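Visitor: I would like a close look at a single part of this model. Please take one helix slowly, and then show me how a few other places compare in setting.

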Amino acid sequence: MGYYVNEFACADAALHAAIASDRAAQGRPLEPSAPADAEPGDSFEGREDMSRVVDLLRDLCSEHLSSDLGPSDLEHLASLTLTRVVAPAGSETVRADPHVEEVVSAAVGRVSRCYMVDLEDPAFTRRLSLHVQNLRLRAQQQAWSRNPMTQSLKASYPMVFEIAVALASDISESLDFHLPDDEIGYLAMHVGGRLEAERRAETTITATIVSPGYYDLNELLRSRIDETLGSSVDVVSVETGIDPDWSSFDTDLILSTVPPPSPNERTVTLAPFLTQNDVERVAAAVARVRRTRRLAELRTKLRRYFSPDAFFRPLEASTEEEAIRMLGEPLVERGIIDASYVDASVAREQMSSTAFTDSFAVPHAMDMTSTRTAISFGIAEGGLPWGGQRIQAVALVAFSEAERDAFQTIFEQLVEVFGDRKSLQRILQRGRDFPGFVDALAQALE
């Protein structure tokens, strides 16, 4: 029928259909005057959508539930389906309300500039606007959808979730409704889908192929590498000499059919005819290079961002707000942030918990107004209640507009390091004072 389907909401719709069928079987159908979940046609392309879904539901309920539902029950179920379960798929002619699209477009533009990501795509904005249009209707009814992936999205893609929170903040303010975490999770899924292609392009690893010429074996090898690893490896040169100058290769990896004079992590020795085992070893080398590159960048930045006066062990706070204000004090005293940044961090926390893992929280304001980027860190002995969890470490992060390019690296890598249970435990055990904390963090990053 031309719709995207939210599989997580299907069970809720099926339950409503079963209840309606049971009620109708007992002679108690919905009366025409009874309130429904939505006004038919309010947020879709008019009565045509409602009519098509009503016809489909009538057939499905008759076939699978042996139930002949009346018009009011069918309209109730159709409204529920159109607002919670499906969204129009892809057609240029299906558009959201102009005001909703204007609000979403403005939010997408601001977030793209603030977080230096490319979200300003017409198709993305159109799909997101249709989603937000249904969100607005569900907000009027307080009929929120559950998202079982919310916490895993927070833990695995903290930056994507943070962008979704920023979008939710702008949209909620403009359309006057508040979004719970599960609905923000659905926004994060939209954002993640849009950013995935951009992320893949940015993480391409360069490689040199070393394959001494013999007939066309080197061409076959390059073709096979492009075919199996083309999206992650960019072959920039092919060396066919029998005795190449190994020191001249400046690519991330060297893929060679002959052993190098001195084995090293950059070189992956391959069979002349690429095997599946070779492909897996190259993929592992690519992952290693990417991680090393990210962590090297993070180590350089972290040396500038932590300081002894902004390290608290123990962090003697009993609430989220108390912890944020305590961590903010040394940064305010040094003129890095002002009191309004601390207030904004508290407000951001109230909107959606920054406990991106079950042990670590990263409170921060959404606007990058600090004079420079800095991190105030606290370790809570015995744990601290936070967002329905009990965390052990808190990092109040103050980002400046001039260093906003560092935001994604710092944010995601901190969550990655402290989200790893073994790394966290080593840092907690060795980080009794500031020097010990820095050493333990450096080792965790390596």
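Guide: What follows starts with one helix and then moves to a sheet and three single residues. The model is a predicted one.

The helix is H9, which covers residues 217–229. H9 has 13 residues, and the distance from its first C-alpha to its last is 18 Å. That is close to the 18 Å expected at 1.5 Å a residue. Four residues of H9 are buried: Asn-218, Leu-221, Ile-225 and Leu-229. These residues cover an arc of only 60° around the axis, which puts them on the same side of H9. The spacing follows a general rule: an α-helix has 3.6 residues a turn, so residues three or four places apart point the same way. On the other side of H9, Glu-219 and Glu-227 are exposed.

Next comes a sheet. The sheet is open and has four strands, in the order E7-E9-E10-E8, with mixed pairing. Strand E7 (311–312) and strand E8 (360–361) are its edge strands, each pairing on one side only. Between E7 and strand E9 (residues 369–386) there are two bridges, and the pairing is parallel. Phe-311 has Phe-377 in E9 as its bridge partner. A helix also belongs in this picture: H11 (residues 320–333) lies across E7, E9 and strand E10 (389–400). H11 runs at about 140° to E9.

Three single residues remain. Thr-267 is in strand E6, which spans residues 267–269. Thr-267 counts as buried because its relative accessibility is 13%, and the cut-off for buried is under 20%. Setting aside neighbours within four places in sequence, Thr-267 is in contact with Ile-254, Ser-256 and Pro-260.

Leu-424 is in helix H14 (residues 421–430). Leu-424 is buried too, with a relative accessible area of 0%. Neighbours within four places in sequence aside, the contacts of Leu-424 are Ser-359, Gln-392, Val-417 and Phe-418. Leu-441 is 17 residues from Leu-424 in sequence, and their C-alpha atoms are 8.9 Å apart in space.

Arg-28 is in a loop, the one between helix H1 (7–25) and helix H2 (47–65). With a relative accessibility of 45%, Arg-28 counts as partly exposed. The side chain of Arg-28 makes a polar contact with the side chain of Gln-26, at 3.4 Å.

Methods. Residues numbered from 1 in each chain as written. Predicted model: local features only at pLDDT ≥ 70, side-chain atom pairs only at ≥ 80, totals over all residues. Heavy atoms only, no water. Expected span 1.5 Å × (residues − 1). Buried < 20%, exposed > 50% of the residue type's maximum accessible area, 1.4 Å probe, protein only. Arc of directions from axis to C-beta. Contact = heavy atoms within 4.5 Å. Pairing = 2+ DSSP bridges. Axes fitted to C-alpha atoms, helices over the stretch in contact; angles between N-to-C directions. Polar contact = N/O pair within 3.5 Å; in protein donor to acceptor, adjacent residues only side chain to side chain.
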